[in-house]
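This report looks at contacts between side chains, and it follows charged pairs before turning to rings. Please keep the sequence and the structure in view while reading.

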Amino acid sequence: MKNRDLLAGRGAVVSGGSRGIGRAVVELLADLGAAVVVNGRDADAVTETVTAVTAKGGRATAMIGPADDEAVATALVDTCRDTFGRFDILINCAGIAEPPGSSILDISADDFNRLLSAHIGTVFHTCRVAARAMVEQGHGTIVNTSSVAFLGDYGGTGYPAGKGAVNGLTVAIAAELKAKGVRANVVCPGARTRLSTGDDYEKHIADLHRRGLLDDVTMHASLDSAPPAFVAPLYAYLASDLSRDVTGQILVAAGGFVGRFERPTPSLLGYRDHHDAAPWGIEDLHKMIGVRGPFP
């Protein structure tokens with residue numbers, strides 16, 4: 001994207017903005033004229049990102065802390081307003097990976113809750129603060145990060161559960177706040193980051209392929225992801241006025257691929273009018289349901 005004025009004068013908050021996809025988003029927003037509050041848990045990583053942005057003439061400031069904490073979420077919005085004079089954009093990129101080999105058979109309750117907090121907890125706390133501020137001023141845009149892992153094809157526990165919850169909450173926010181000038185969308189990114197590299201990750205992908213959960217194309221794409229710079233433009237587009245009519249969408253960006261999850265609708269398996277028919281019998285349900293399923 002070449003238009004350096006696309007986000008001129010806007011104030012933005014990016015949780016998880018110090019590494020990977022979040023950092024690529026921060027750098028692009030700043031290149032397009034936005035002033036950015038960079039949030040993350042690692043003070044050194046956040047400071048380094050802010051320094052890199054300001055060295056190029058961009059505007060950025062650091063806010064250290066976990067965004068799934070209510071006080072931190074509140075401070076992020078306050079810092080954006082106090083430092084840059086306005087708050088227009090919230091982008092959530094914070095997240096953590098499943099523990100290696102995580103399974104519903106052995107994950108601890110603490111690990112599961114930690115995963116949920118990092119994903120849906122971050123979105124809840126930041127969106128709750130941001131939504132109030134945006135409604136008050138009559139405008140604003142929210143972009144949350146999910147993952148195609150919400151489909152369950154990649155296994156896991158708290159990660160797909162948290163990402164599925166992110167989708168549901170974001171779509172609900174979009175529906176509620178559309179009339180108030182606030183938009184909310186989801187990006188499911190595919191990029192090479194610390195969460196999608198390393199021996200444990202590669203073994204996990206190979207195991208899913210061996211079990212038939214990933215086809216050849218998906219396996220190779222998962223092992224050869226493009227850099228984060230390939231997905232950052234979708235976040236910037238959704239943050240800009242070019243997407244003024246886009247809300248409540250779940251989008252995908254992975255390398256050169258851009259896609260959209262259409263709104264789920266049930267396909268008809270059978271119908272009876274309950275006014276003049278008995279409930280479905282067990283054998284009837286088996287004939288409709290038992291012969292088909294999501295996995296081979």
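A helix here is a DSSP run of H or I with at least four residues, and helices are numbered from the N terminus. In this predicted model, helix α1 covers residues 20–31 and holds both Glu 27 and Arg 23, which lie 4 residues apart, about one turn of the helix. The side chains of these two residues meet in a salt bridge, with 2.9 Å from N to O. Glu 27 has a relative accessible area of 28% and is therefore partly exposed. The contact belongs to a wider arrangement, since Arg 23, Glu 27 and Glu 48 are linked in a network of salt bridges.

Across the structure, the count comes to 11 salt bridges, and three of these pairs are set out below.

| Salt bridge | N to O distance |
|---|---|
| Glu 27 and Arg 23 | 2.9 Å |
| Glu 70 and Arg 128 | 2.9 Å |
| Arg 114 and Asp 111 | 3.7 Å |

Which parts of the chain does the salt bridge between Glu 70 and Arg 128 tie together? Glu 70 lies in helix α3 (residues 70–84) and Arg 128 in helix α4 (residues 109–137), so this pair joins parts that are 58 residues apart in sequence. Both partners count as partly exposed, Glu 70 with a relative accessible area of 44% and Arg 128 with one of 28%.

Helix α4 also contains Arg 114 and Asp 111, which are 3 residues apart and thus separated by about one helical turn. Arg 114 is partly exposed at 42% relative accessibility, and Asp 111 is likewise partly exposed, with a relative accessible area of 26%.

The rings come next. A search of the whole structure finds 1 aromatic pair, formed by Phe 150 and Phe 261, whose centres are 5.2 Å apart and whose planes stand at 75° to each other, an edge-to-face arrangement. This pair links distant parts of the chain, with Phe 150 in the loop between β5 (140–145) and α5 (158–177) and Phe 261 in strand β8 (residues 257–261), 111 residues apart. Phe 150 is partly exposed at 26% relative accessibility, and Phe 261 is partly exposed with a relative accessible area of 27%.

A ring also meets a charge in this model: the charged end of Arg 272 sits over the ring of Trp 280, at 3.9 Å from the centre of that ring.

How values were computed:
Residues numbered from 1 in each chain as written. Predicted model: local features only at pLDDT ≥ 70, side-chain atom pairs only at ≥ 80, totals over all residues. Heavy atoms only, no water. Phe/Tyr/Trp six-rings, centres within 6.5 Å; stacked < 30°, edge-to-face > 60°. Helix = DSSP H or I, 4+ residues; strand = E, 2+ residues; numbered from the N terminus. Buried < 20%, exposed > 50% of the residue type's maximum accessible area, 1.4 Å probe, protein only. Lys NZ or Arg CZ within 6 Å of the ring centre and 35° of its normal. Salt bridge = Lys/Arg side-chain N within 4 Å of Asp/Glu carboxyl O.
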